[in-house]
Amino acid sequence: MSGSAALADEKTLRKLDYFKITSLLEKECLSQLGKNAAGELRPITSAHFISLLQQESKEALWLLEVDGDIPLGGIHDITELLKSVKVGAVIDGASFLRIYTVLYATKRLKRFLTEKYSSSQIPALADWAVSLRVFETLEKSIQRKIGDDGEVLDHASDKLATIRQKKSALRQQVRNQMDHMLHSRQYEDYFQDHILTIRNERFVFAIKSAYRSKMPGIIHDQSASGATLFIEPLSLVEKNNTVAALEAADKEEVLRILSEMADLLRPYVSDLMKNLDILGHLDLTFAKARLALKMKAVSPSISEGASFTFYQARHPLLAPETVVPIDVGLGEERQALVITGPNTGGKTLTLKTAGLLILMHQSGMAIPVREDSQIGIFRRIYADIGDEQSIEQSLSTFSAHLTNICQILPELGPDTLVLYDELGAGTDPSEGASLAIAILEESLSRGSRILATTHYSRLKRFAYHWPGVSNASVEFDVETLQPTYRLLIGVPGNSNAFAIAERIGLNPAVIHRAVELSEEAENETERMIKNLQNEQLRTAELERELHERSQLLKAEAEKLSQKEMSLLQQEEAMLAHSKDKAAKILSEARAEADVIEQELRRLRKDASQEGVSQVRNLRKRAAKGAAALRTKKEISTHKPLTLDEISLGQEVFLPKFSQSATVLALPDKKGDLLVQAGPMKLNVNVKDLTHAGGQGKNRQNLRPKQSAGKKVKAVSTELDLRGQYPEDGVALMDKYLDQAVMNNLNEVTVIHGKGTGILRQAVQTALKENRQVKSFRLGDFNEGGDGVTIVRLK
């Protein structure tokens with residue numbers, strides 16, 4: 001993918017640790033094609049292509065999260081093989097097998113991206129998949145002629161099949177004749193070993209040298225000691241010669257077949273090379289997604305112009321759980337940031353973090369920042385970071401930095417970012433500070449975005465007064481004498497020299513004298529810095545608290561919304577089920593009534609005893625149907641329940657769903673309780689329940705003993721769900737667990753099979769939410785292994 005000009009030169013990429021990121025990407029790639037693409041990856045400047053790359057990374061990340069199993073296996077780098085074929089070379093069977101593997105892997109990946117998911121779900125990746133070409137004819141041709149071991153198959157041609165049949169038959173004749181000689185008493189003393197051996201592709205005997213004259217034939221080899229001779233018996237020479245001739249014919253025919261296959265392959269070479277480029281790109285894209293998951297990275301929204309606003313930004317090479325995140329940004333309102341503070345406090349790390357995140361973003365990678373961060377597109381990044389001292393060129397650190405800056409300044413412009421580390425350091429402080437200010441002024445006048453670190457107080461005052469420039473500092477804990485690595489925007493860093501000296505134990509008189517010698521203007525600056533720091537800390541703390549509260553409220557609102565949606569869906573499903581059931585009962589009752597009415601009319605004409613008996617039976621049926629209808633009608637007359645009337649196992653009625661239910665858990669303080677209505681378990685309030693018309697029994701324990709009255713039907717300790725859909729299997733399991741609890745079973749086995757694991761996952765997810773389950777585990781080897789789940793009941 002073309003991306004116009006480079007964002008940074010190799011030197012800047014190295015200083016900002018970009019190549020360490022590409023090395024991590026290479027490790028995440030599954031093919032050499034992907035690794036090659038990762039090694040060649042460079043940040044680009046085209047907003048269009050950056051947006052496309054970011055979209056691809058987001059889609060790949062989504063696929064990894066929802067599917068996880070991306071079919072990228074079997075992608076080999078066959079570039080050199082294709083180049084050889086293109087210039088007329090003939091490759092061997094193993095090489096054709098590698099090409100076949102790539103052809104099959106290409107077809108499988110294309111189907112995955114175009115058939116399993118719609119183009120509206122993954123539009124960018126679908127475009128790449130559509131560009132992949134599938135060559136069914138070529139794939140089938142290789143499959144027919146090349147075996148899994150890379151050898152040309154016997155049926156690759158009729159001639160080859162004939163040659164190999166003859167060769168095999170003749171070899172068997174030779175083996176049979178030699179086996180006969182091996183077991184003959186005539187020759188038993190001659191053999192050093194009673195086994196057949198091959199020398200120069202011919203069968204031979206290992207004969208003791210003393211019996212050379214007893215075994216006429218051709219000597220092909222001898223042992224190092226000379227005690228053993230490897231002899232081809234004279235009687236078998238002719239047959240072995242025929243076998244050798246057939247072997248030569250075999251090789252000649254194989255070469256002809258491979259040459260024919262190369263001719264078939266040659267017209268497809270260019271298209272296959274394009275496929276390899278796409279496969280390498282897709283492998284790299286999914287490698288970016290896997291790395292994003294490990295880094296807990298996101299793709300922030302792209303803003304206009306050369307700007308960035310990073311919240312909770314982390315250096316991607318540092319462990320997320322140990323690094324202190326920072327908030328940092330540059331744009332139209334803040335063109336430059338001057339960072340001050342103690343050594344090893346994180347000033348240089350801030351520069352590298354900002355620079356590296358921009359390089360990663362413009363390479364199409366997710367970056368470790370908060371989701372509401374924003375980033376624009378930069379045309380060029382320059383960095384003057386680290387010790388540039390060069391012994392070979394006789395340059396001091398100051399001279400080396402200045403030489404680098406001389407190369408950078410003329411190139412700066414509105415869409416550039418420049419990173420200055422310890423600007424003006426390495427020379428007289430007064431002259432160095434003046435030079436640093438002049439360099440900043442020139443950089444600002446060219447419209448560049450600037451991040452600079454310094455120890456000079458004059459640069460702090462410059463940043464305080466110059467429009468579009470802000471101070472920032474890395475926080476230092478005077479109590480512990482350790483940096484906190486937090487970045488404070490708007491606050492210049494305090495030197496803390498006097499405080500540190502006091503904590504270390506320097507003579508107070510010496511410290512007092514040092515304070516007297518300090519210039520009044522410097523003291524005034526330090527007081528200003530201290531006040532600003534305190535104010536900034538208070539503001540930052542308030543912002544942090546507000547953000548945390550906002551996130552908590554957002555998460556809670558989303559959770560409540562999902563719960564409400566789930567309850568509404570359950571309610572609608574139950575109502576629909578109840579309506580269908582009621583309609584079915586009414587329809588059956590009407591049909592029954594029609595049948596009875598017709599029978600009565602017919603039987604009125606029949607005065608026989610048999611007719612009278614049939615009339616009585618019909619009346620009984622009619623009475624039974626009426627009783628059933630009355631039972632349905634009485635549903636609306638059930639009395640409401642109170643908290644004190646509810647007990648475990650009690651039969652209750654749900655007017656809202658027109659269905660009976662069983663109490664599985666007693667109500668809490670709010671009156672909420674768990675009931676089971678048919679195959680479904682529902683959380684309801686006591687206000688939604690009524691008496692079950694007196695026909696239910698108040699069972700004080702969900703596991704009654706057999707003597708408690710009604711006989712409980714015996715239940716097996718195993719439930720076989722193999723072949724069930726996940727939803728049906730879970731419903732059957734819930735019903736089975738209820739019966740197991742009623743039968744006082746402590747442990748049962750749920751058989752779901754191994755298969756794809758979808759049914760097992762559905763079963764174990766349901767078990768986690770079942771209040772009757774104490775624990776569960778996969779079976780041991782002798783219990784069925786991963787194909788069963790052992791469930792312990794409460």
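**Exercise 1. Strand pairing**

Which residue is the bridge partner of F653 in β16? Then place β15 among its neighbouring strands.

*Solution.* The model is a predicted one.
- Step 1. Start with the pair itself: F653 has S660 as its bridge partner in β16.
- Step 2. Widen to the strands. β15 covers residues 651-654 and β16 covers residues 659-665; 4 bridges join them, and the two run antiparallel.
- Step 3. Look for another partner of β15. Strand β19 (residues 690-691) is joined to β15 by 2 bridges, again antiparallel.
- Step 4. Find a residue pair there. V652 stands opposite H691 in β19.
- Result: β15 pairs with β16 and also with β19.

**Exercise 2. The second largest pocket**

Which domains give residues to the lining of the second largest pocket? Work from its volume to its position.

*Solution.*
- Step 1. Take the volume: the second largest pocket has about 810 Å³.
- Step 2. Go to the centre. The lining has 28 residues, and Y311, D327, L487, I489 and E543 are the closest to the pocket centre.
- Step 3. Assign elements. β6 (308-313), β7 (326-330), β14 (482-489) and α18 (520-604) each give two or more residues to this lining. The largest share is that of α18, with 8 residues.
- Step 4. Sort by class. The lining holds 11 nonpolar, 7 polar and 10 charged residues.
- Step 5. Place the pocket. Domain 2 (301-491) and domain 3 (534-623) both contribute to the lining, so the second largest pocket lies between them.

**Exercise 3. The largest cavity**

Which helix supplies the largest share of the lining of the largest cavity? Describe the lining as well.

*Solution.*
- Step 1. Count the cavities: the structure holds 3 of 30 Å³ or more.
- Step 2. Take the largest cavity. Its space is about 60 Å³.
- Step 3. Name lining residues. Among them are D384, F398, H401, E422 and I439.
- Step 4. Assign elements. α13 (397-408) and α14 (429-445) each supply at least two lining residues. The largest share, 4 residues, comes from α13.
- Step 5. Sort by class: 7 nonpolar, 2 polar and 2 charged.

**Exercise 4. Confidence**

Where is confidence lowest, and where is it highest? Decide which stretches to read with care.

*Solution.*
- Step 1. Take the overall value. Mean pLDDT is 83, and 85% of the residues reach 70 or more.
- Step 2. Find the extremes. Helix α19 (residues 609-633) is lowest, at a mean of 51, while helix α2 (residues 18-28) is highest, at 97.
- Step 3. Mark the weak stretches. Over residues 629-636 pLDDT stays under 50, and the model has 3 contacts beyond four places in sequence for them. Over residues 694-712 pLDDT also stays under 50, with 35 such contacts.
- Step 4. Apply the general rule: where pLDDT is low, predicted coordinates should not be read in detail.

Methods: Residues are numbered from 1 along each chain as its sequence is written. This is a predicted model: local features need pLDDT of at least 70, side-chain atom pairs count only at pLDDT 80 or more; totals for chains, interfaces and linings use all residues. Side-chain values use heavy atoms; hydrogens and water are left out. On a 1 Å grid over the protein atoms alone, a cavity is a set of points where a 1.4 Å probe fits but cannot get out, and a pocket is an open set with protein on both sides within 12 Å along at least five of seven lines; lining residues have an atom within 4 Å of a point. Grid points are joined across faces, edges and corners, and a volume is the space filled by probe spheres set on the points. Ala, Val, Leu, Ile, Met, Phe, Trp, Tyr, Cys and Pro count as nonpolar, Asp, Glu, Lys and Arg as charged, and the others, Gly among them, as polar. Domain bounds come from an automatic or database domain assignment. pLDDT is the predictor's confidence in each residue, from 0 to 100. Contact means heavy atoms within 4.5 Å. Two strands pair if DSSP finds at least two bridges between them.
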